[in-house]
Structures are given as structure tokens and as C-alpha cells.
There are 2 protein chains.
Amino acid sequence: MSPDRARRPTLDTVALEVGVSRATVSNAYNRPDQLSPQLRDRIIAAAERLGYPGPDPTARSLATQRTGSVAFLLGQGLSSAFSDPALSIMLDSLASTVDSGDRALLLLPGVNDLGPRPESVARAQTDVVVAYSLPDRAPALDAVRQRKLPLVVVDQPVVPGSARVEVDDTGGAELAARHVGELGHRRVGILAFGLSPDGKHGPASPARVQSARYRVTRDRVAGYLRGLAQFGIDPDSVPLWEARCGDQHLGREGARWLMTRSPRPTALLCMSDELALGAIRAARELGLSVPSEVSVVGFDDTPGASWSDPPLTTIRQDLVDKGRRIADLALRLLDGARPGQPTTLSVELVPRASTAPPPA
Amino acid sequence: MSPDRARRPTLDTVALEVGVSRATVSNAYNRPDQLSPQLRDRIIAAAERLGYPGPDPTARSLATQRTGSVAFLLGQGLSSAFSDPALSIMLDSLASTVDSGDRALLLLPGVNDLGPRPESVARAQTDVVVAYSLPDRAPALDAVRQRKLPLVVVDQPVVPGSARVEVDDTGGAELAARHVGELGHRRVGILAFGLSPDGKHGPASPARVQSARYRVTRDRVAGYLRGLAQFGIDPDSVPLWEARCGDQHLGREGARWLMTRSPRPTALLCMSDELALGAIRAARELGLSVPSEVSVVGFDDTPGASWSDPPLTTIRQDLVDKGRRIADLALRLLDGARPGQPTTLSVELVPRASTAPPPA
DNA sequence: GAGCCTAACTGAAGCGCTTCAGTAGCCGCT
DNA sequence: AGCGGCTACTGAAGCGCTTCAGTTAGGCTC
């Protein structure tokens, strides 16, 4: 358009100015040991003078065949994602690990709960992909496969040839269920995450639970029911409410529904601390005391769990460790490592004051 | 390393296979109108057959001189950032706008509250930068300037030559202050965000307030004090507690400190809803009723504000609109638009049940 | 002083794509 | 028959950088 507006300086510009070859200027930036310090100083000074901002990242990427960024694929949009502090914490830890490896985080949020659009993935400048909690058969994963990018899947269905980091969801849920079982509860309700990416929330039928497209939700339900079964509780008698995303607001709504069933459950198993906090709130609004009239168990052990009122009994997973491992794994894949065995992170029960034996 | 492991197919591979020129294959992907549908179909089919995943994003970027991503620079790490739902909401709206423009979001979280490292910025593959709430004189901004990238600054000090989106922080804070003034409060405390990127929190001296490096915090304090002054309240008599980041936890701690001053403030002005929720909690723990014994005002009007107990009087800003505008602006800068006048978004007082006249 | 080694620098070949100025062929018009 | 104007496709010049195989000069050794 405009009459050749002062072309940006490139490596050549600088090389010409200093009177050296382009390779030398490149070395000045990337391999300082390859040239004499004096020459390097001259080059850097000339670059400064010419307003050369250093090697262009894109050109460098093309030449080196690595972009230096890690793409993070998210099932949902950012706002629902971050309404869950567990994700924030994990992502923060992931991001700092990634950043310390001199790489940036390319965030591809989901659209309509289906994960990112495949075209977004196709155009993403990245050399490794982390998929977090996408529904089964997310189209974005096809795009990843097509590009043959190394993939780390987290909390998510198995994808052949990818590395995997998982939390022992089933085990954790079972722990939670057994905890309330041991306390003597026999009427228990489940407050679950979304089951399928169709934006629905509300009471969920067993059939819907069967066909759930989110692995995490499926596994946790299975764990809950398995744990409860050990106390003779019939899975079909367990009411389940599905919250589309894990925020307190829906937790409250769901808990309200669960606590108005009859017979009223005396314990609520919640798939996240946020949902559990919503449940506590709902209980309070219904005039039910926690834990003497209703027990509530969360999942994740986010900071909010320990300072809620009452403090929340929950299943702890080490979110910081999780983020770090994911990032490490991704960085190692970049360096050509094989996916290897899936990493499964352990969980533990953290008993606090939101659970107690059921009312007599 | 390995003996020439099946080289990835490129445009040339496909062109050779189909027997057309490379340009034609490129057109098949980018300008379907430039070739006959039949040929295009043949090309796409051949690509499929060869496992060609479509034009390489990096090479494309180099050729077109645009990366297709928007870098988002954050003052803090992700976890503290997302502990503020206001940011999540805004970022979500920003991300979807960016995504619908077929661009991705490159997230550069801050390190040590100073914003991203300048090297990260230097290497970032992006063609436009959004800086959110960095401290004054953040080193990352120098890197942006050096690369001559278009810049949108948000909630942040003015940077020459950049576009700007702002919320009327001073005005909003003044609104909040006048609201409690009108209700009759004369002893008021302020629960503020961090003042400077040094990780400190706790009671802040007027001197520290003076030298604050975060514009938002500075402006809101100024607004509060201006509003209070209209009711004859001496700025020096107003206790201020600084929460390093805006999370409930620190809000509670700060509020507790404020509410144990003597004379005890009858109203608390909080810089975010999260802080305000923490304050309400602290009040409850101290056995003080909200609003009859102490009034609390938030800022942002996040969803949590309306369903807290009691519902929170707050200053509303339209976060979704904010995100969208930022993204639009960034995309327009990419298309060569001039930065133009700063956009200032308005705020309004939303009176709810957390404020009332002071106890007699 | 011949031979060898190393440090310092260079030349040129890519990396995979877009784009623009052509060219070739064809159709329709006069 | 000649010409203009299409449509469909091609060639080649970049985009800005990295990297590797050299080359050169200087220093060291015996």
C-alpha cells in the first residue's frame, strides 16, 4: 500500500552494516560462543542502532522446525473452564513449567463444549498439543492426528499413540463414597459434572449416565457407585444431578434438587469442590445443617475447600504436580521421547468437617 | 538421527503426485475459486492419500507475514489471575472473538507480578499484543516496543502509540464511595488490590499508595478518596489494606484487619467482588452482620455478586463487552488501523443488600 | 619451518509456503 | 480470420532465518 515504508531491518541489514556474513549475525544471537566477544558486541550494537529486534520468531521457527509453543486444547470456553479453580491452578503450574522451557502457551478454548474447532487446530502454530478434558470423539483430536503432532491427553479418553496423564478418578470417587458409607450413610446423592457436550443440565437418567461422553464424569460416577455398592447401596436408588459445568451456581441448584428428593439423601458426593460449596450453600438455604443433617464431599481439594464453612471433606489431587507433569511430558515429547506409560496420579481422602454420621 | 524417516509430505509432494504446480495446490487450499472444482477435488484427494495435513502454519506465516495469533500479556501468573472471575469472563469473551477471527490466543502469564519476561515476548509468535494490567514500567512492554508490534493496553498505564481500552475506574470507585457516603457512613475502610509488584500485602501506608505501580489500583483509590472527601471524610483517616491479588482469602484477612481498627469502619469499599465476598465472610466470622453493622461494596459485578448472601452492592462493568472490544481493537490494528482514541467503558452502581445506613 | 589444531567466520542450501506476473488455450464476437 | 477477454494454471521470487560443511589465519609443537 504505502510507498515502501521503511522496510524492517533483518539479519541481512545488520550483517551488511557490520560487514560480516548473515550466519555470523545469527550466531551472535544464538551461539555466542561461535564468535569473538568483541565482534558480538559490535553486532549487537549495530542491531540496536538499526532497530533490529532480534531474529524473527516465525522465520526462526520455519528454519528450526519448531515453534516453541505448546497448544492447550480445552473442552469448554474459558469462562466455564476457569470457574473451576482446579483448572486454574493446574494450568498455572503448567504454564510456568512451559514458560521456563522458553515456550509459550497457545490456548484453544472449546466451542459449544465440543472442544476447539478442527480448523483452529489445523492452523495452530505449535509443536505439541495438550488435550484437556475433551469429550470423547472430539473433532479437534482428528486434526491433531492429521498433523501428526505429539499429544498429551489429560483427564480424557485414550488416544492411541499419545502420552497420558491421569488422575485416579475412579479410585478417588470410590474413596469418597466409602467414606460416607463408613459414616453410616445409606441415602446418597451425586452432584456430577456434565455428561455429554450437549449443554444439558438437570437430573440425569441412568441411560444418560451410561452414554456419557466425558471420561472423567463417567469414571467418577462409576467410582461413586462402586464405593456405595460396598455398603449395599443400589446404584439405581442413587439420584444424580448433572451440572453442565462445574460452577457453584449450578452446584447449588443441583444440590437443592437432590435435597428435596424423598427420601432425602443424607450425603452428597460432589465432583468438584466448587459444586460442593454450592451444595453447602443450598443446604444452608434449605435450613439443613452441614454436616449434622447432610454431609457433603467435594473433589480436588482446592484452596476454597479448606476455608469454607464448614471446611470441606474432599478428595485431594495434587494440581500443581499435575500441571508440572503434563508440561514436562509435553516438553519431553518435543525432544523426541516416546509417549511411554500413562502417568496416573494418586488421590487421597481429606476428611474435614463437612461430613459426619447421618442424623439418627 | 534415524535414517531419513519418511519425510513429511509438503505442498510439493502433493503437486508432484497430482502433476500440477505447487501454486495450484496452494490455491486449492486458500483460493478455491482459482481452479476448477474437479482439479481441486483431485488435489484434496491426493493430499488425503499422502497424509498431507494442509499447509504448514509456520511456513504460511512466514510467507504471509502474519502469524494469526494474539498475544495476551498478563501481570500475574494464571492462578492468581483466574482467582478473579472478572478476568475469566473478560478473557473468555476476548478469546471467542479472537477465535472467530480465526486467530488463536497466545497466553504469556507474568512472572513475579512483573508481567512476562521480555525474552518471552521477543520470541512470541504473534502479530498483535494485548497487555492487561501490567505494572507501570513492565519490562515486557519494552520488548513489545522493540518489535514494533501493535499494542492494545487494558486497565493499564498509557503507552505511547498504543490503542487503549479502559474502564472508568476512578469514576466507578467514586460512585461506590458516594453511595456509602449518602447512606451516612463516615468511617470507611478500603480493601485494595496490590499496589506494586513486590508481592507485599497488608496495611498500606499513604506513601505506599502514592507510589503505586498499578494504575487500576491507583485510580480506584483516588476515586474512593475523592468520593469520600465529598462527605467531609479525611483521606488520611481511611485505613487501607492491600491484598496482593484479588482473591477471597486475602479479602477475608484484610477485612478482618480493617474491621478490628478502632474506631471500626462501618463500611468497606472493596476493589473486586471477590475481595468483597471475603469481607462478608470475615464480618460473619467476627459476628458482625452485613449490612446492619457493616456495609460492603464490591467492584465488577461478577455472577457471584448477585447470588452472594447478602447480595452484593457493587460497581458494574460489562466484562463481556470489554473482552469483545479489546479483541476487536486488536484485530483492527492487525488490519492496519490506527490506534485511535482510547475507549473508556462506563460503569454503574448496582445497589443490592450488602449496604445500608450505619448503625445508629 | 612444516605440520597440525583450533578459533573465527563464511557461503549456500534449505525450511514450506504465498503471490504475482505471466502464459496458454478457448470462446464468442464481428 | 482476427481479436479481445476469459478461465485455469504455472514459474519464480521471495518471506527471514538456521546450519553445516568449509575456508582462513593464527598459534603451538617438535
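Me: Two strands pair if DSSP finds at least two bridges between them; what makes strand E9 (residues 267–270) of chain A and E10(A) a pair?

Reply: Three bridges join E9(A) to E10(A), and the two strands run parallel; set against the requirement of at least two bridges, they therefore count as paired. In E10(A), Val296(A) is the bridge partner of Leu268(A). Strands are DSSP runs of E with at least two residues and helices are runs of H or I with at least four, numbered from the N terminus. This is a predicted model, in which local features need pLDDT of at least 70 and side-chain atom pairs count only at pLDDT 80 or more, while totals for chains, interfaces and linings use all residues. Residues are numbered from 1 along each chain as its sequence is written, chains are lettered from A, and ligands are numbered from 1 in the order in which they are written.

Me: Why are E7 and E10 of chain A called edge strands?

Reply: They belong to an open sheet of five strands with mixed pairing, in the order E7-E8-E6-E9-E10. Strand E7 (202–203) and strand E10 (295–297) each have a single partner strand, so one side of each lacks a neighbour in the sheet.

Me: How confident is the predictor in chain A, and where is the pLDDT below 50?

Reply: On a scale from 0 to 100 for the predictor's confidence in each residue, chain A averages a pLDDT of 91, with 98% of the residues scoring at least 70. Residues 1–5 of chain A, however, fall below 50, and beyond near neighbours in sequence this stretch has zero contacts in the model. Where pLDDT is low, the predicted coordinates should not be read in detail.

Me: What makes a residue of chain B part of the side that touches chain A?

Reply: The criterion is contact, that is, C-beta atoms, placed from the backbone, lying within 7 Å; by it, 40 residues of chain B are in contact with 40 residues of chain A. Helix H6 (85–100) is one of the elements of chain B giving two or more residues to this side, and H6(B) provides the largest share, eight residues. By class, there are 20 nonpolar, 15 polar and five charged residues.

Me: How is E2(B) placed relative to strand E2 (residues 104–108) of chain A?

Reply: The two strands pair in the antiparallel sense over three bridges. Leu106(A) has Leu106(B) as its bridge partner, and Leu105(A) stands opposite Leu107(B). Within chain B, E1(B) and E2(B) pair in the parallel sense over five bridges, with Val70(B) partnered by Leu105(B).

Me: Why is E2(B) described as largely enclosed?

Reply: A residue is buried if 20 or more other C-beta atoms lie within 10 Å of its own, exposed if 12 or fewer, and partly exposed in between. Five of the five residues of E2(B) are buried, so the strand is largely enclosed by the rest of the structure. Ala104(B), Leu106(B) and Leu108(B) point one way, Leu105(B) and Leu107(B) the other.

Me: Which residues of helix H8 (residues 139–147) of chain B are buried, and what covers them?

Reply: They are Ala140(B), Leu141(B), Ala143(B), Val144(B) and Arg147(B). Seen down the helix axis, these buried residues fall within an arc of 155°, so they line one face of H8(B). What covers them includes strand E1 (69–74) and helix H7 (118–123) of chain B.

Definitions and conventions
Contact = placed C-beta atoms within 7 Å. Arc of directions from axis to C-beta. Nonpolar A, V, L, I, M, F, W, Y, C, P; charged D, E, K, R; others polar.
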